[in-house]
Amino acid sequence: MLQTAIEYKDAFSRLKHRDTQHKTVPTENDWTLAVEICGRLKLFYNVTELFSGTRYPTANLFFAKICEIKIALSEWILCDNVVVENMAWKMEAKYDKYWQDIHGILGVAAVLNPRYKMTLIEYYFRRIFGIEAESKIEAILRLCCDLLTEYQGRLNTGGGESSSKVVSSVGDGDDLSDFDKYVSSRKKAKTSHVKTELDNYLEEEVLPRHLDFDILAWWKSNGLKYPTLQAIAKDALAIPVSTVASESAFSTSSRVLNPNRNRLHPKTLEALTCAQSWLTALEREGEPLQGFGTINDDADDQDCVSSVTNVDGG
């Protein structure tokens, strides 16, 4: 809205002379402020496009955007414009309220991106935290190790039952039955292999950044090499940045709740929205949608308007 208004700055001044009813015109200071704020809010526009899309990106993409906002707010606080400075202070206060809760797991998701790994964490944390960066970086690495240990324990527990069946099936008279127990105890006691898996992953060079890179396909193909990290990736990369699809909520509601449907039951509206979402997904996959309508088909249908009017008693 600001960007469009700025483009028509001259039209506002002309309108003042041609329309006597147009008494309030932005001053030159107002336009200067609009230009300054518009340039800064462009960052949030780009982030919102990523965060609130209906086709959700994987969680590894969120960390970089969250850090960019943090860095931008720190710079805006030093702005000479008092309005921008006050705005930045309030925004940073709200931002910091959630930063401590989210940056850890989002950092792990970034580490699980073979194009970033710990390099991205180091790049942003040194810009954000300065002399405290090393301890913050170490905290993310420690969190990765803790998750590896926890997931490795789950994987071992899941395979424990089948292992015991193998041992018992050998027979009580087997001379190496005690050896099997010894090997099992060594596996439980030895946890360094978890760290080795992480070390091997981090020691490899980061992959080149390509827009068409499919991180889920990469982890699927590297599951045998990094089984524990793959298990973490299945959970971490699926974390949404928001529980509400803002784009869907704002753009779909006006189409569903139009004058033709203002008395539909909420369950019916929910069914309409879900059906439209499923049909859209099929269309993206190349499925033909012949015979199916959409929630917009009757927007200008006079027959539908007439039927609704008759039901209302009009």
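The following paragraphs describe the helices of a predicted model, their packing and the core that they share.

Residues are numbered from 1 along each chain as its sequence is written, and side-chain values use heavy atoms, with hydrogens and water left out. As the model is predicted, local features need pLDDT of at least 70 and side-chain atom pairs count only at pLDDT 80 or more, while totals for chains, interfaces and linings use all residues.

The protein holds 14 helices and 0 strands, where helices (H or I, at least four residues) and strands (E, at least two) are DSSP runs numbered from the N terminus. Of its 314 residues, 29% are buried, that is, under 20% relative accessible area with a 1.4 Å probe and protein chains only. About 21,300 Å² is exposed by the protein, and carbon and sulfur atoms supply 55% of this area (Shrake-Rupley method, 1.4 Å probe). Contact means heavy atoms within 4.5 Å; among contacts between residues at least 6 apart in sequence, 66% join residues at least 24 apart.

Helix H4 is a good place to begin a closer look. Its 15 residues (62–76) should span 21 Å at 1.5 Å a residue, and the end C-alpha atoms are indeed 21 Å apart; the expected span is 1.5 Å times one less than the number of residues. Because 11 of these 15 residues are buried, H4 is largely enclosed by the rest of the structure. Phe62, Phe63, Cys67, Lys70 and Trp76 are among the buried residues of H4, and this buried set packs against helix H3 (28–51), H5 and H6.

The largest nonpolar core, a set of buried Ala, Val, Leu, Ile, Met, Phe, Trp, Tyr and Cys residues joined through side-chain atoms within 4.5 Å, has 52 residues, of which Phe63, Leu112, Ile121, Phe125, Trp219 and Leu229 touch the most other members. Helices supplying at least two residues each include H3, H7 (133–170) and H11 (227–236), and H4 gives the most, with 10 residues. Leaving aside residues up to four places away in sequence, Leu112 touches Tyr201, Ile215, Trp219, Leu229, Ile232, Ala233 and Ala236.

Turning to a helix pair, the axes of H5 (residues 82–111) and H6 (residues 117–128) come within 7 Å and cross at roughly 145°; axes are lines fitted to C-alpha atoms over the stretch in contact, with angles from 0 to 180 degrees between N-to-C directions. Trp99, His103, Gly107, Ala110 and Val111 of H5 meet Lys117, Met118, Leu120, Ile121, Phe125 and Ile128 of H6.

Terms used:
Buried means under 20% relative accessible area, exposed over 50%, partly exposed in between (1.4 Å probe, protein chains only).
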